[in-house]
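This report is meant to be read alongside the sequence and the coordinates. It takes up strand pairing, charged contacts and surface patches in turn.

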Amino acid sequence: MASFPFELASPARLVFSGEVEQVDCPGAEGDFGVLANHAPLISALRPGILTIRQAGGSKRFYVRDGFAEVNPAGLTVIVEYAVAADELTAEAIAQEISAAEEKLTAAKDGPARDRAGERGAQLRQVAAQLSGAGAAAH
């Protein structure tokens with residue numbers, strides 16, 4: 001399978017940089033995969049699991065709030081936060097879910113309530129993936 005350059009960065013550090021065969025991203029409008037020679041694309045990302053596939057295996061990262069850009073030079077993903085999925089504790093994701101639920105309770109108008117509710121649902125999906133419900137697929 002053809003490879004392409006990929007970088008995953010957060011404000012704190014360059015999380016990953018190298019040649020990959022495929023990257024599966026948690027897009028704001030749904031998950032999408034990127035292979036070599038993918039058409040140009042810019043997408044917002046939602047909280048979720050980003051999977052990097054290389055000849056030697058795959059790596060999974062929990063990412064939150066950012067965007068992905070595919071161009072002729074490869075794929076760049078810039079996120080607010082990224083951590084290896086196996087380093088993310090159930091307690092940490094539970095705290096994020098709790099914070100989203102507090103925002104939902106505090107939200108006064110429809111759009112803010114919708115965003116907070118969606119965020120909570122996205123985080124519960126991540127928790128399910130990390131607890132093993134989605135791990136078998138990766």
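What follows describes a predicted model, beginning with its strands and ending at its surface.

## Strand pairing

Strand E1, which covers residues 4-9, runs antiparallel to strand E2, residues 14-20, and six bridges join the two. The connection between E1 and E2 is a hairpin of four residues, and within this pairing Phe6 stands opposite Gly18 in E2.

Strand E6 takes part in two of the pairings described here. With E3 the pairing is antiparallel and extends over three bridges, and Asp24 is found opposite Thr51 in E6. With E7 the pairing is again in the antiparallel sense, now over seven bridges, and here Ile52 stands opposite Lys59 in E7. A hairpin of two residues leads from E6 to E7. How much of E6 is covered? Five of the seven residues of E6 are buried, and the strand is accordingly described as mostly covered.

## Salt bridges

Side chains of opposite charge can pair when their charged atoms come close. In the structure as a whole, a search finds six salt bridges, and three of these pairs are set out below with their N to O distances.

| Basic residue | Acidic residue | N to O distance |
|---|---|---|
| Arg53 | Asp24 | 2.9 Å |
| Arg46 | Asp31 | 2.7 Å |
| Arg64 | Glu80 | 3.2 Å |

The salt bridge between Asp24 and Arg53 has an N to O distance of 2.9 Å. This pair links distant parts of the chain, since Asp24 belongs to strand E3 (residues 22-27) and Arg53 to strand E6 (residues 48-54), with their positions 29 residues apart in sequence. Asp24 counts as buried because its relative accessibility is 19%, under the 20% cut-off, whereas Arg53, at 25%, counts as partly exposed. The residue that stands opposite Thr51 in the pairing of E3 with E6 is thus also Asp24, the partner of Arg53 in this salt bridge.

In the salt bridge between Arg46 and Asp31, the closest N and O atoms are 2.7 Å apart. Here too the pair links distant parts of the chain: Arg46 is placed in the loop between strand E5 (41-45) and E6, while Asp31 is in strand E4 (residues 30-35), and the two are 15 residues apart. Which of these partners is buried and which is exposed? Arg46 counts as buried because its relative accessibility is 13%, whereas Asp31, with a relative accessible area of 57%, is exposed.

The side chains of Arg64 and Glu80 meet in a salt bridge at 3.2 Å, N to O. Because Arg64 lies in strand E7 (residues 57-71) and Glu80 in strand E8 (residues 74-84), the pair ties together parts that are 16 residues apart in sequence. Arg64 is buried, at 13% relative accessibility, while Glu80 is partly exposed, with a relative accessible area of 44%. Both residues also belong to a network of salt bridges, in which Arg64 and Glu80 are linked with Glu96.

## Surface patches

Two patches, one charged and one nonpolar, can be described on the surface.

The negative patch is formed by Glu29, Asp109, Asp114 and Glu118. Of its members, Glu118 is placed in helix H2, which covers residues 110-130, and with a relative accessible area of 45% Glu118 is partly exposed.

The nonpolar patch consists of Ile42, Phe67 and Ile78, which together have about 280 Å² of accessible area. Phe67 is located in strand E7, the strand that also holds Arg64. Why does Phe67 count as partly exposed? The relative accessibility of Phe67 is 36%, which places this residue between the 20% limit for buried and the 50% limit for exposed.

Helix H2, the location of Glu118, also contains Gln125, which at 40% relative accessibility counts as partly exposed. From Gln125 to Ile78, a member of the nonpolar patch, the separation is 47 residues in sequence and 21 Å in space, taken from C-alpha to C-alpha.

Conventions. Residues are numbered from 1 along each chain as its sequence is written. This is a predicted model: local features need pLDDT of at least 70, side-chain atom pairs count only at pLDDT 80 or more; totals for chains, interfaces and linings use all residues. Side-chain values use heavy atoms; hydrogens and water are left out. Patches are made of residues with over 30% relative accessible area and no salt bridge: like charges are joined within 9 Å, nonpolar side chains (Val, Leu, Ile, Met, Phe, Trp, Tyr) within 5 Å. Accessible areas come from the Shrake-Rupley method with a 1.4 Å probe; for residues, only the protein chains shown count as cover. A salt bridge is a side-chain nitrogen of Lys or Arg within 4 Å of a carboxyl oxygen of Asp or Glu. Lys and Arg count as positive and Asp and Glu as negative; His and the chain ends are not counted. The place of a charge is taken as NZ of Lys, CZ of Arg, CG of Asp or CD of Glu. Buried means under 20% relative accessible area, exposed over 50%, partly exposed in between (1.4 Å probe, protein chains only). Two strands pair if DSSP finds at least two bridges between them.
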